Amino acid sequence: MTTDTPTDVFEEHRPVLMGVAYRMLGRVADAEDVVQDAWLRWSAADRAEVREPRAYLVRVTTRLAIDRLRQVKARGEAYVGPWLPEPYATDFGDTVPDTAERAVLADSVSLAVLVVLESLSPLERAVFVLREAFGYPYADIAAMLDRGEPAVRQLAGRARRHVDEGRPRYEVDPAQRRDLTERFLAAAAEGDLAGLMEMLAPDVRLIGDSGGKSQAPLRILKTADNVGRFLVAVAGKGVPEMSFRFLELNGGPAVLILSGDTPDSVFQVDVSAGRIRSVYIVRNPDKLRSLASA
């Protein structure tokens, strides 16, 4: 006989629900709202009829996330400059001991993949997240979405092809990414253009997300020369009362820059063949609030 309360059961599965909702929406606040709505559904449900709480909660969360995503797409809000997902803390700790599983989870929440997922339909995105990130069988996904299994397999195939075509291939060696991130930060802070150029791939891209609410490039910068000179110029301006700390965000090492106690920006890089291929900078203050206590 179990003595778990409805709250105990929900809290046990909250990390998975948050993982599903964030991968669906790319926004921490929206994901938290969806998970809260899932809790309200769970607390009001006839739990005697629920044989598998995890499956029930994932199904409810996924459907709520699809509805939220459709609302966002229907509004068609214009975003100023390039868009990046909201940085999301992903320290898996001992919860995911298997190296292969950790790699899959980290990849599915990476900035590069989430940017591509923005172009999928809500249903394609849901199928991709449930299948690729969490390994659900097609039959289970079909039940969750009230779709036939053949239709779900078609959605999965389209989503997989789109993601494969749209995302660049990067190495996922955490130690190398951390080393290059530290050297990159030091060279940028010192205005060492030559040092930066040694680390940047010739075709490197810099994507800055400010949402028009702070300073960042309003277009994607390309080539090592342009990216390196931009970083040196930014470092020359400085940040008042600047400090920084390393965090694991979106499955990889990242740097949180603070101005006093206020998050100013997040830097993260993607690496291939020992060179930095992409630089991500998030400066939209709305997307940094969840990191204030990180």
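**Close-up 1. Strand β1 and its surroundings in the predicted model.** Seven of the ten residues of strand β1 (residues 200–209) are buried, so the rest of the structure largely encloses this strand. Strand β6 (residues 275–282) runs parallel to β1, and six bridges join the two. For a landmark in that pairing, look for arginine 205, whose bridge partner in β6 is serine 278. β1 also pairs with strand β2 (residues 221–222), this time antiparallel and through two bridges. Here leucine 206 of β1 has leucine 221 as its bridge partner in β2. When picking out side chains in this view, remember that in a regular strand they alternate between the two faces of the sheet.

**Close-up 2. A buried salt bridge between aspartate 270 and arginine 177.** The closest N and O atoms of aspartate 270 and arginine 177 are 3.4 Å apart. Aspartate 270 sits in strand β5 (residues 262–272) and arginine 177 in helix α9 (residues 174–189), so the pair ties together parts that are 93 residues apart in sequence. Are the two partners buried or exposed? With a relative accessible area of 8%, aspartate 270 is buried, and arginine 177, at 9%, is buried as well.

**Close-up 3. Aspartate 30 and arginine 68 link two helices.** This salt bridge has its closest N and O atoms 3.3 Å apart. It connects distant parts of the chain: aspartate 30 belongs to helix α2 (residues 28–44) and arginine 68 to helix α3 (residues 53–75), 38 residues apart. Aspartate 30 has a relative accessible area of 17%, and because the cut-off for buried is under 20%, it counts as buried. Arginine 68 is buried too, at 17% relative accessibility.

**Close-up 4. A salt bridge within helix α11.** Aspartate 225 and arginine 229 pair up with their closest N and O atoms 2.9 Å apart. Both residues lie in helix α11 (residues 224–237), four residues apart, or about one turn of the helix. What about solvent access for aspartate 225? Its relative accessible area is 34%, so aspartate 225 is partly exposed.

**Close-up 5. A network of salt bridges linking Arg27, Glu118 and Arg125.** The background is simple: side chains of opposite charge can pair when their charged atoms come close. In this view, salt bridges link Arg27, Glu118 and Arg125 into a network. How many salt bridges does a search of the whole structure find? The search turns up 19.

Terms used
Residues numbered from 1 in each chain as written. Predicted model: local features only at pLDDT ≥ 70, side-chain atom pairs only at ≥ 80, totals over all residues. Heavy atoms only, no water. Salt bridge = Lys/Arg side-chain N within 4 Å of Asp/Glu carboxyl O. Buried < 20%, exposed > 50% of the residue type's maximum accessible area, 1.4 Å probe, protein only. Pairing = 2+ DSSP bridges.
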